[in-house]
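Subject: Structure handover

Hi,

Here is the structure I promised to pass on. Have a look at it first, and my notes follow below.

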Amino acid sequence: MADWHAPQGPFDIPDIPNFIPRRLKPWIFIFFVLIIQFSGGLYLASASEMVGTSALMQEDILMAGYASLIGLAVNFAVMFRIKFRFSNRTQLLASCMVLIAANFICAHTDSVPLLVVTCFIAGWFRMQATLACNSTIQLWLTPVRDMSVFFCYVYLVVDSVIQLSGIAAIYTSFFSQWEYMHWIMIGLLTLMMVLVLILVRPVRGPMFIPLLGIDWIGSLLWTGFMMAFTFICVYGNYFDWWEATEIRQAAVIGLLCLAVNLWRASFLRHPYISFQALKNRNVIRATLVYLVFFTLLATEHVFEHSYAAAILGYDETNLIDLNWYVFAGIICGCGFTYFTFALRKWTYRTMTAWGFALAIIYLAYFYFFIDYGVEKEMLFIPLFARGAASVIISIVFLTSIVQSGLPFQVFPQALTVNGFTGAVMGATFGPALIGELLRHTVAENASLLGAAFTDFNPVSAHIPLGELFGMVQLQALVVSMKEIYGLLLMIAIASLLIILLSFSSARPWAIFPKWRTIRHSIRRLVRREVHDRERHVGSME
């Protein structure tokens, strides 16, 4: 391994002219990454303001926001091919132009299909621009390409920006209008384009690798499957699940896309996602852990807003201030993972146990302390634990996929699967499941509490019927939340015990190959594709 990573000279970025100080060059790309990450197309934190001023529903905005995550996940499988086809300058300029157009469209359209397609394209280009920047400074962050170190930086930036963008969007709409956030981002993206034109040279790699051998049909089919899955989870409750034609049609479309994809992967030489990636042990393990873990934390999307708004009476600015607690947890979680997992090489089992232990603290705190009189400062502990737990699990299992032993041609496909299961499924499946459970539990508890009030009660006899009904619903909501928190807490404790008994003592050792090695691998792949095409044409003649 020492021969693979020979000692290098001082880090430099040839894309930036030498009149810029060498130490400043990486920070320019970090500045670009921050702007790109803030430019998400839609800002889910300001969804209530968008609903109030447009013809869109809450579900429409969520669907568009998750479409951005789908675009991000689909890009993983081809992001290295794009990187070696175009220079950083071209990638950044193209991404800025697309994101500017996306922000303009999202600020003005009420068309749900246009909004979803726009956010999907924006997510795709946002991921490509992020790769262009992060891959450029990777050796500056970790000269030996230790991906456990690199992913600590990635999640520190990505998850932190998610919280900060929500804060910025709410305060922008509070002081002016929600559309102004899009105009601010258009201004920052324009500034970034000017800086790229001035500071970034069109440096192309030592070889030209055309975009041959990419299964674009497969990418569209996987996108259709992910979109159908997300549609069912987001609109299921609105359309009354399987009673609605729309949900059944989405299920048929999703299953059809999945079946065609798996059938094509059985005979295509280079499918968009191969069976080798789907059957990898680390990919399957990460999928199962994500499914359980993010379902446990799904109360973030279902309960926290309802609890803070309906029960504690917080307005939008007080609600978004809670993001600072999660932000602090993300910072500490990334720092903890860096010093223990990346530097001291703690085992995967230990780190996973820490993530689930923090999830247990989050669930237990709400189970025991959820009430009508909770002060905002008391919510610091559970929200801090949730933020830390989320980044720990994400960093650890993304590193495990790098360490899965997959060939580099298959590795980006595994990242696409990881992006879908970790980001898309984690944000949609758990909330849909917990939301439906909450709906049934509230109805059951409300009927039980309402039956108690039907008996003659001198106190309740003087309360107006509407006010009495509201009290019953509010009490039923609190009781139902406590029940579900208790159920999830038991599942989390059982999951932690399984982790402590079943996970191996493997440690992170994955070293990312040199970019030269990656270029040679992609060039060999393209040469085989060209040779196969020429042979096929010759046989036809």
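To start with the charges: how many salt bridges does the structure hold? The count comes to 5. Keep in mind that this is a predicted model.

**Salt bridges**

Let me go through three of these pairs.

One salt bridge joins the side chains of Asp-146 and Lys-345, with 2.4 Å from N to O. Asp-146 sits in the loop between helix H7 (138-141) and helix H8 (147-175), while Lys-345 is in the loop between helix H17 (323-343) and helix H18 (348-369), so this pair ties together parts of the chain that are 199 residues apart in sequence. Is Asp-146 buried or exposed? Asp-146 counts as buried because its relative accessibility is 10%, and the cut-off for buried is under 20%. Lys-345, with a relative accessible area of 22%, is partly exposed.

Next, Arg-386 and Glu-300 meet through their side chains in a salt bridge of 3.2 Å, N to O. This pair also links distant parts of the chain: Arg-386 belongs to helix H19 and Glu-300 to helix H14 (residues 299-302), 86 residues apart. Arg-386 is buried at 7% relative accessibility, whereas Glu-300 is partly exposed at 28%.

The third one stays inside a single helix. Arg-439 forms a salt bridge with Glu-436, and their closest N and O atoms are 2.6 Å apart. Both residues lie in helix H20 (residues 411-454), 3 residues apart, which is about one turn of the helix. Here Glu-436 is buried at 15% relative accessible area, and Arg-439 is partly exposed at 38%.

**Aromatic pairs**

How many aromatic pairs does a search of the whole structure find? The search turns up 30. Among them is Trp-222 with Phe-225, an edge-to-face pair at 6.1 Å centre to centre and 80° between the planes. Trp-222 and Phe-225 are both in helix H10 (residues 216-235), 3 residues apart, or about one turn of the helix. Trp-222 is buried, with 6% relative accessible area, and Phe-225 counts as buried too, at 15%.

Another edge-to-face pair is Tyr-290 with Phe-397, at 6.2 Å between centres and 65° between planes. This pair links distant parts of the chain, with Tyr-290 in helix H13 (residues 281-296) and Phe-397 in helix H19 (residues 380-402), 107 residues apart. Tyr-290 is buried at 3% relative accessible area, and Phe-397 is buried at 2%. Which residues form one aromatic cluster with Tyr-290 and Phe-397? They are Phe-293, Phe-294 and Phe-356.

**Charges over rings**

Two contacts of this kind are worth a look in your viewer. The charged end of Arg-85 sits over the ring of Phe-86, 4.6 Å from the ring centre. Lys-482 lies over the face of Tyr-367, at 5.3 Å from the centre of that ring.

**Helix H10 and the core**

Back to the helix that carries Trp-222 and Phe-225. Its end C-alpha atoms are 28 Å apart, which agrees with the 28 Å that 20 residues should span at 1.5 Å a residue. Of the 20 residues of H10, 16 are buried, so this helix is largely enclosed by the rest of the structure.

The largest nonpolar core has 163 residues, and those touching the most other members are Phe-32, Leu-92, Tyr-307 and Leu-379. What does Leu-379 touch, leaving out residues up to four places away in sequence? Its contacts are Tyr-307, Leu-312, Tyr-314, Leu-322, Tyr-325, Phe-366 and Val-374.

**One more residue**

Finally, Thr-53, which is placed in helix H2 (residues 47-53). Thr-53 is exposed, with a relative accessible area of 55%. The C-alpha atoms of Thr-53 and Trp-178 are separated by 9.4 Å, and these two residues are 125 apart along the chain.

Over to you!

Note on methods. Residues numbered from 1 in each chain as written. Predicted model: local features only at pLDDT ≥ 70, side-chain atom pairs only at ≥ 80, totals over all residues. Heavy atoms only, no water. Helix = DSSP H or I, 4+ residues; strand = E, 2+ residues; numbered from the N terminus. Buried < 20%, exposed > 50% of the residue type's maximum accessible area, 1.4 Å probe, protein only. Phe/Tyr/Trp six-rings, centres within 6.5 Å; stacked < 30°, edge-to-face > 60°. Lys NZ or Arg CZ within 6 Å of the ring centre and 35° of its normal. Salt bridge = Lys/Arg side-chain N within 4 Å of Asp/Glu carboxyl O. Core = buried A, V, L, I, M, F, W, Y, C linked by side-chain atoms within 4.5 Å. Contact = heavy atoms within 4.5 Å. Expected span 1.5 Å × (residues − 1).
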